[in-house]
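Here are my notes on the two-chain model you sent round. I've kept them as numbered points so you can reply to each in turn.

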Amino acid sequence: MSAAAITCQQLTKRFGERVAVNSLTLTVPKGSIYGFLGPNGSGKSTTIRMLCGLMTPTTGSGTVLGYDVMTQSEEIKQRIGYMSQKFSLYEDLTVEENLDFYAGVYQLGAAERRKRKAELIEMAGLAGREKQLAGSLSGGWKQRLALSCALLHKPELLILDEPTAGVDPVSRRIFWEVIHELAEQGITVLVTTHYMDEAQTCDWIGFIFFGNLLAEGTPQELIGQMGANNLEDVFIELVRREEARQAAEGGAR
Amino acid sequence: MRRFVWGRYWSVVKKEVIQIKRDRPSLAIALVMPLMLLFLFGYAVNTDVNDIRMAVWNQSPSAASRELIDQFVHTKIFQVTASVGGYRELEAMLDDGTADVGLVIGPDYTRQKDRGESAHIQMLVNGSDPNIARTAVSNAQLIVQHQAISLQEKKLEKQGMGELTMPLELETRVLFNPNMESIVFNIPGLIGLIMQNVTMILTAFSLVREKERGTMEQLVVTPIRPLELMLGKITPYVGVGLFSFCLVLFVGTAWFGVPVKGSIGLLVALSVLFLVTTLLLGIFISTVAKTQLQAMQMAFALILPSVLLSGFMFPRDSMPVVIQWLGGLVPLTYFLEILRGIFLKGVGAEALWEEIVGMGAFSLVILAVAIGRFRKKIE
Ligand SMILES: Nc1ncnc2c1ncn2[C@@H]1O[C@H](COP(=O)(O)OP(=O)(O)OP(=O)(O)O)[C@@H](O)[C@H]1O
Ligand SMILES: [Mg+2]
């Protein structure tokens, strides 16, 4: 097995005329936390959906855990945990029923199921809310439940699309503690976020804008390269430069 | 990896059962709607014609002419609702619909009859409802012929011919539905139609709802297989549909008095096959539609032709061959044959094997198509 959990070469996704992801090439090393940054509409979710097998890339190639994203998406699905940007568990099912359903779908045996459920409810701090309808949970709790469901089958790779959007600072801190704990256990994490303090704690950062990967490296490398003070400045500077470049191109044309 | 996993299927079944139980309004509709439709249509789709309203213009009042009018009334098919004094009045009543037919007895009727001359009577018929018009005309002819023959007999007897016997007599025996009541024919068909409509709509929403709510995105990244998902989704509804079917069956037999001549066990078993077929049809709609509204529209687009093509409304035998073939593509067609066969004729499985095979084949094809169409993607 290679040392990369995710690789992709020239991965492209078009929706009609619109290019959502443009010839993206990136590598996510095994066991690392990879922060995927970029402004709204830059193509983060689309990239993630292609990697999960939810969308077929228009062109390009990629592998997830050694499996081809074009042809082996079912093998990939067995081994990854995914949390989508929008809450996508059953709101009319309780916390426990949601966990039970996904445990069944991932074919956990009865003993294993009981054990994993207890572990995850403990980890997510959902104890006491097992009988609550998922739809009636507040934002932060919904995200914890979604994470628990994504972790039931002990995936090797966890893909989280804005897991902390709309979550209060305390819960965000707890959430990221969990993410780091998981990484220590050897799970690879690909995560998108708009919070730079969170991105700061990642092992790797990829920066995407208008579907193009503009920069890649460790947080320190990026800050150093740009001569910035922090990641926030890096983000703003990258966006400014890219917009200036595009304006110049547009003017030249 | 590619194998059907019962555990995953069973998880879907359990999840669906919980969701159905929590969705009380939908469950109520699934259970109560068939009953309501049965009552509604049971009374509305009554094609028996009786009490045709008749206005009479009797220009020759006498015992003889009154006897003739009584003949009409005795059949129970006609009822005299008005006595008029002229064509204008009669036509006005036909125009505004207060009368269906008008009987005109000419001024010479009694005289002609007494003299043994040929007497003429006239009937005006509102032909806008062909069913009523046909019944009126054929029955009026029968009544008048009957009257004419008995007059002839009396005349010949008077001339000393003695007791007469008819040279030709037709004796008919109607099998299966001796009173030729349309309700006996309609109720089994109605049961089939209602079950089709209600169950198809139940599953037509199922996958679309997950797409609309976004839960499909999470489901699709799991290793679940389309077959497990679809069968898991229809299984609870087979139960709901079967319960509802038994309710409708009970009311159809107890309230409308339509007996089941054949085996109830066979009827229920074949209904399960039919329910599976229509539920799969609903799932198929669910794979095509993008929104619940679209699913609804598609379901109705299938229901309307099925009413016409299946032989529910009009006998299939009198349809052009091409239309009959099209009817063969509608599962309701087979089920109607089965229902009417078991209800009215009391036949067993051996007489229905063609329909059973047809319906089974249909359900397998539609399942294959639905699975082929379903992509574990969210585009
Ligand atoms: N199913 C789709 N059909 C058409 N266009 C789409 C579709 N999904 C995404 N897009 C477009 O592709 C582009 C990238 O969208 P994407 O959701 O990947 O952005 P994002 O980086 O995740 O943004 P955000 O930070 O707001 O979540 C956007 O312009 C979006 O409008
Ligand atoms: Mg996004």
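**Notes on chains A and B**

1. Let's begin with the annotation on chain A: UniProt lists residues 6-235 of chain A as "domain: ABC transporter", in an unreviewed entry. Keep in mind throughout that this is a predicted model. Over that annotated stretch, residues 6-235 of chain A, the chain comes out at 39% helix and 26% strand, and its end C-alpha atoms sit 23 Å apart.

2. On the overall build of chain A, I get nine helices and 10 strands. The radius of gyration of chain A is 19 Å, close to the 18 Å that the globule rule gives for 253 residues, so chain A is as compact as a globular protein of that length. Along the principal axes, the C-alpha atoms of chain A fill a box of roughly 65 × 40 × 35 Å.

3. Chain B is built from 15 helices and four strands. Its radius of gyration is 29 Å, well over the 21 Å that the globule rule gives for 379 residues, so chain B is more spread out than a compact globule. The matching box for the C-alpha atoms of chain B, again along the principal axes, is roughly 100 × 45 × 40 Å.

4. The record for chain B is also an unreviewed UniProt entry, and it puts "transmembrane region" on residues 27-45, 183-208, 234-258, 264-286, 298-315, 321-339 and 351-371. How much helix does the model have over residues 264-286 of chain B? That stretch is 100% helix and 0% strand, with 32 Å between the end C-alpha atoms. Residues 298-315 of chain B, on the other hand, are 67% helix and 0% strand, and there the end C-alpha atoms are 25 Å apart.

5. Now the interface. Chain A puts 31 residues in contact with 27 residues of chain B. Together the two chains bury about 2,800 Å², 55% of it on carbon and sulfur atoms. Three residues stand out on the chain A side: A:L54, A:Y90 and A:V105 supply 21% of the area that chain A buries against chain B, more than any other three residues.

6. For polar pairing across the interface, the count is 15 residue pairs in polar contact, both partners at pLDDT 80 or more. Which elements of chain A give two or more residues to the side that touches chain B? They are α1 (44-52), α2 (73-79), β6 (80-83) and α3 (95-105). By class, that side of chain A has 13 nonpolar, nine polar and nine charged residues.

7. Last, the salt bridges. The whole structure has 24 over all chains, and the count between chain A and chain B is four. One is between the side chains of B:R213 and A:D92, at 3.8 Å from N to O. In another salt bridge, A:E74 meets B:K376 at 2.9 Å, N to O. Why does the pair join two chains? A:E74 lies in helix α2 of chain A, while B:K376 is in the segment after α15 (349-373) of chain B, so the contact runs from one chain to the other.

How values were computed: Residues are numbered from 1 along each chain as its sequence is written. Chains are lettered from A and ligands numbered from 1 in the order in which they are written. This is a predicted model: local features need pLDDT of at least 70, side-chain atom pairs count only at pLDDT 80 or more; totals for chains, interfaces and linings use all residues. Side-chain values use heavy atoms; hydrogens and water are left out. Contact means heavy atoms within 4.5 Å. Buried area is the accessible area (1.4 Å probe) that two parts lose on being put together, summed over both. A polar contact is a pair of N or O atoms within 3.5 Å; within protein, one must be able to donate a hydrogen and the other to accept it, and residues adjacent in sequence count only if both atoms are side-chain atoms. Ala, Val, Leu, Ile, Met, Phe, Trp, Tyr, Cys and Pro count as nonpolar, Asp, Glu, Lys and Arg as charged, and the others, Gly among them, as polar. UniProt positions are given in the numbering used here, feature names are shortened, and annotations may be inferred rather than shown by experiment. The radius of gyration is taken over C-alpha atoms; the globule rule is 2.2 Å times the number of residues to the power 0.38.
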